[in-house]
Amino acid sequence: MDRALFALAAVFVPIFPLSWVFNRTAALLPAGAQALVVLIVPQIGITLLAATFHGAPPPLSLRPWIMGLATASALLYALRALSARELSIWTRLMLCSGLAVVWLAWAAGSPGPVLRLMALGWGLPAAVALFLAGALTRRAGGAYIGLQGGLIAVMPRMTAGLVLAVLALTVTPVFPAFFMLWRGLESVPLAWLPFWLPLIFLWGWAAGRLFQDLLFGDYHGEPMADIGALSVALISVAFLVSLAVSLAGSGGASWY
């Protein structure tokens, strides 16, 4: 039973190799549904993780294997994001890379509320990015990185939302993922840190390439309408919730 729950958790909180199920399934859904999936499904996975060993942390003999798998998964998906040429694919790859921190924290014995905040820290900006990828697809026929370029000139509101989402996904300070990453690394043995610190560089590199190819430069396409006031309001609410998650993640250790 524990093995079955563990395998299901590896699908719902995606970690290599079972993360391919999450990615393949999400790819079949429209962007709006994908945005809901990245918020809801990891929370279900954390419930499954809690039930795997009846609420107890994984056995000491299993923890190094979980940490090793989480580290390898995070690096693999960060490297794959560097070559992604479509915004929703890029977002899902970055999400899978970040959610590996949840497995690190679980292996170290972090309680369920911390794990849920971690998943939310990556899920909220991923949901915003997927929502915007859907909006761009409806307007341009696709959200391919480097196809149009220069979106900042024609869609400033969408660009602002996308920049914030990408910065949040790549552990920029102030955003939740930054605090969740360091909470996840607090209990990791020093021997693992040399594998995780370069990951921050890879995340930043992936964000820089996306900004260069999608947002800046000369625009190559037809005029397009920017996102409307309702979309801006929804995105604003998402980032206000992210701010609350950041505050909880940076100062909430005492109430866990």
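## The cavity

Sort the residues lining the largest cavity by class and you get 7 nonpolar, no polar and 3 charged. For that sorting, Ala, Val, Leu, Ile, Met, Phe, Trp, Tyr, Cys and Pro count as nonpolar, Asp, Glu, Lys and Arg as charged, and the others, Gly among them, as polar. The lining consists of Ala-81, Leu-82, Ala-84, Arg-85, Trp-90, Ile-145, Ala-206, Arg-209, Leu-210 and Asp-213. Helices α4 (63-82) and α10 (193-215) each put in at least two of these residues, and α10 gives the most, with 4. (Helices, H or I and at least four residues, and strands, E and at least two, are DSSP runs numbered from the N terminus.)

The volume of this cavity is about 40 Å³, and a search of the whole structure turns up 1 cavity of 30 Å³ or more. On a 1 Å grid over the protein atoms alone, a cavity is a set of points where a 1.4 Å probe fits but cannot get out, while a pocket is an open set with protein on both sides within 12 Å along at least five of seven lines; lining residues have an atom within 4 Å of a point. Grid points are joined across faces, edges and corners, and a volume is the space filled by probe spheres set on the points.

## How far to trust it

This is a predicted model, so to speak of local features a pLDDT of at least 70 is needed, and side-chain atom pairs count only at pLDDT 80 or more, though totals for chains, interfaces and linings use all residues. Residues are numbered from 1 along each chain as its sequence is written, and side-chain values use heavy atoms, with hydrogens and water left out.

The average pLDDT (the predictor's confidence in each residue, from 0 to 100) is 81, and 88% of the residues score at least 70. Among the elements, helix α5 (residues 87-107) has the highest mean, 88, and helix α9 (residues 176-185) the lowest, 72. Over residues 252-256 the pLDDT is below 50, and beyond near neighbours in sequence this stretch has 9 contacts in the model; a contact means heavy atoms within 4.5 Å. Where pLDDT is low, the predicted coordinates should not be read in detail.

## Two pockets

The largest pocket holds about 250 Å³ of space. It is lined by 13 residues, with Leu-39, Ala-127, Val-128, Leu-234 and Ala-238 nearest its centre. Helices α3 (31-52), α6 and α11 (229-251) each supply at least two lining residues, and the largest share, 5 residues, is from α11. By class, the lining has 12 nonpolar, 1 polar and no charged residues.

The second largest pocket has about 170 Å³. Trp-20, Asn-23, Arg-24, Ala-27, Tyr-77, Arg-80, Ile-89, Arg-92 and Leu-93 line it, with two or more residues each from α2, α4 and α5. Helix α2 gives the largest share, 4 residues. Here the split is 5 nonpolar, 1 polar and 3 charged.

## Helices α6 and α8

Helix α6 (residues 112-140) packs against helix α8 (residues 156-169) at about 145°, with the axes 8 Å apart. Axes are lines fitted to C-alpha atoms, for helices over the stretch in contact, and angles run from 0 to 180 degrees between N-to-C directions. Residues making the contact include Trp-122 and Leu-132 of α6 and Met-158 and Leu-162 of α8. In total, the contact has 13 nonpolar, 1 polar and no charged residues.

## A cis proline

The peptide bond from Phe-16 to Pro-17 is cis, with omega near 10°. Pro-17 sits in the loop between α1 (2-12) and α2 (19-27). Most peptide bonds are trans.
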